[in-house]
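Reader: I'd like to go through this model with you, starting with the fold and then moving to details. Could you put it up first?

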Amino acid sequence: MTDVTIRVAGAEALDSLEPLWLALHEHHQRVAPPAVYQPPAASWRARRGSYEHWLAEGGFVLLAERGSDLVGYALVEIQDGPDDTWVTGSRIAEVQTLSVAPAERGLGTGTRLLDAVDAHLAELGIEDVFIGVLTGNDDALRFYERRGLRPVMTYVARFKAGTPKPMTGRRGPGGAARP
């Protein structure tokens, strides 16, 4: 992994993150419980907007590059603390995205990125870190637990907007709906 370099970038790098975000979005659909997911273009548009906001508010992005190829990234939001539930410092980090190209997974790129996240946070004097893991993404959970992170919250959800609507109206021959 010595040929992978990690560097800090800013909003100028956002467009280059799209393929890795979409790979992660696809991965989540494979490992997480069934739900109706945003189409790729809509997902990226929304995520990119969030990235712009988090970076403008003091967050940072780290890029993992092998030569001229982007093979992973971590985008970190910085929040004011202390947290309202847990005892934390005056600033808290949340790793909003850790994405590694599918061909790079298991080669240490994610570890290198999180090592760099920890080092950058230490420079900023931030010790408290949150990272969300989708239910079903057991490999990611084990990866984070090996780094000393522990589950502290589980989200439950109801997604009405993505629920197919029952057909209404009169039924025609063969049960087909008629206007």
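Author: One term before we begin: a contact means heavy atoms within 4.5 Å. Residues 24 or more positions apart account for 60% of the contacts in the protein chain that have a separation of 6 or more.

Reader: And what are the ground rules for the numbers?

Author: This is a predicted model, in which local features need pLDDT of at least 70 and side-chain atom pairs count only at pLDDT 80 or more, while totals for chains, interfaces and linings use all residues. Residues are numbered from 1 along each chain as its sequence is written, and side-chain values use heavy atoms, with hydrogens and water left out.

Reader: What is the mean pLDDT, and where does it stay under 50?

Author: The mean for the protein chain is 90, and 89% of its residues reach 70 or more, where pLDDT is the predictor's confidence in each residue, from 0 to 100. Over residues 169-179 the value stays under 50, and for that stretch the model has 11 contacts beyond four places in sequence.

Reader: How many helices and strands are there, and in what order do the elements run?

Author: The protein chain has four helices and seven strands, counted as DSSP runs (helices H or I, at least four residues; strands E, at least two) and numbered from the N terminus. From the N terminus on, the order is β-α-α-β-β-β-α-β-α-β-β.

Reader: How much of it counts as buried?

Author: Of the 179 residues, 34% count as buried, where buried means under 20% relative accessible area, exposed means over 50%, and partly exposed lies in between (1.4 Å probe, protein chains only). The chain exposes about 11,100 Å², of which carbon and sulfur atoms supply 54%; accessible areas come from the Shrake-Rupley method with a 1.4 Å probe, and for residues only the protein chains shown count as cover.

Reader: Let's take α4. Which of its residues are buried, and what do they pack against?

Author: In helix α4, residues 138-146, the buried ones are A140, F143 and Y144. They cover an arc of only 95 degrees around the axis, which puts them on the same side of α4; the arc is that of the directions from the helix axis to the C-beta atoms. These buried residues pack against β4, α3 (109-124) and β5 (128-131).

Reader: And what does the face turned away from the buried side carry?

Author: That face of α4 carries the exposed residues D139 and R146. D139, at 55% relative accessibility, forms a salt bridge with R142, the closest N and O atoms being 2.3 Å apart. A salt bridge here is a side-chain nitrogen of Lys or Arg within 4 Å of a carboxyl oxygen of Asp or Glu. R142 counts as partly exposed at 43%.

Reader: Why are D139 and R142 about one helical turn apart?

Author: Because they are three residues apart in helix α4, D139 and R142 are separated by about one helical turn. An α-helix has 3.6 residues a turn, so residues three or four places apart point the same way.

Reader: What follows α4?

Author: α4 is followed by G148, whose phi is positive, near 95 degrees.

Reader: Back to salt bridges, then: how many does the structure hold, and which one links distant parts of the chain?

Author: The structure holds nine salt bridges. R66 forms one with E104, with the closest N and O atoms 2.8 Å apart. This pair links distant parts of the chain, since R66 lies in strand β2 (residues 60-66) and E104 in the loop between β4 and α3, 38 residues apart. R66 is partly exposed, with a relative accessible area of 23%, whereas E104 counts as buried at 8%.

Reader: Different topic: where is the cis peptide bond?

Author: The peptide bond from G81 to P82 is cis, with omega near -5 degrees, and P82 is found in the loop between β3 and β4. Most residues other than glycine have a negative phi, and most peptide bonds are trans.

Reader: What else is in that loop between β3 and β4?

Author: W86 has its place there, with β3 spanning 69-80 and β4 spanning 91-100. W86 is partly exposed, with a relative accessible area of 30%.
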